[in-house]
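Okay, everyone, thanks for coming. Let me put the structure up and talk you through a few spots.

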Amino acid sequence: MKLVIHGKNIEITEAIRDYVHQKIEKAVSHFQNITNEVDVHLSVARNPRINPRQAAEVTIYANGSVIRAEESSENLYASIDLVADKIARQLRKYKEKRQDKKTQAQPTNEVVIPEPVVADLIGDRTPELPSEVVRTKYFSMPPMTLAEALEQLQLVGHDFYMFLNSETNEINVIYERNHGGYGVIQPRHNNGHTNGHANSKNGKTANANFAISEKPYLSK
């Protein structure tokens, strides 16, 4: 198992490195057969008004899935303890889901059913990009179904997840709705379709805007 430790606004001393190895390796010790790499990011907020100030984030790459946990407190070692406990729970949940899939026949059509989409998402507003890009991330996008994307959303701990839809071969975003359930953002091409087959003759995808498909409750 590969364990990588990064620091922001903090020096990763030998004492910190040893503590991270001790806590994180113990947390994943029962899941090493499914764990490929563990990425630990430690940071300290420079702004003294931000409380809690010291954060620990753990990202685990496990057989094509990404499992993430983050905790923060006023003490770095306490944050490491908290995130180690949290990532262990996330791994346990992930392993249980894998076992359930092996022992039970899972329906393949357990996905969000697209509903009529909003005709115009932005109205007369002009989209604006941030004046400064503060961070860029690159990650692989293996094709997956909506049901698999929902599982990934729950594992990474974010309120949205971008994925490559295996049915349409297009980028979609599944997100947690404020009033419960989940929604899906899909590209909608100029011909009004939302599938992945609206391509021009030269093989390039036609220009697309985005449509939102929402369903109050999505089976887990």
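So, where is the place of S43? S43 sits in strand β2, residues 37-44. Quick housekeeping: this is a predicted model, local features need pLDDT of at least 70, side-chain atom pairs count only at pLDDT 80 or more, and totals for chains, interfaces and linings use all residues. Numbering runs from 1 along each chain as its sequence is written, and side-chain values use heavy atoms, with hydrogens and water left out. Helices (H or I, at least four residues) and strands (E, at least two) are DSSP runs, numbered from the N terminus.

Back to S43: its relative accessibility is 17%, so it counts as buried. Buried is under 20% relative accessible area, exposed over 50%, partly exposed in between, with a 1.4 Å probe and protein chains only. Not counting residues up to four places away in sequence, S43 touches K8, R53, Q54 and A55; contact means heavy atoms within 4.5 Å.

Now the core, meaning a set of buried Ala, Val, Leu, Ile, Met, Phe, Trp, Tyr and Cys residues joined through side-chain atoms within 4.5 Å. The largest nonpolar one has 29 residues, and V20, I24, V40, L42, V58, I60 and I67 touch the most other members. Elements giving two or more residues are β1 (2-8), α1, β2, β3 (54-62), β4 (65-73) and α2. The largest share, eight residues, is from α2. Take I24: leaving aside neighbours within four places in sequence, I24 contacts L3, V38, V40, V58, V83 and A84. Apart from that core lies another, of eleven residues, including A149, L153, V156 and Y182.
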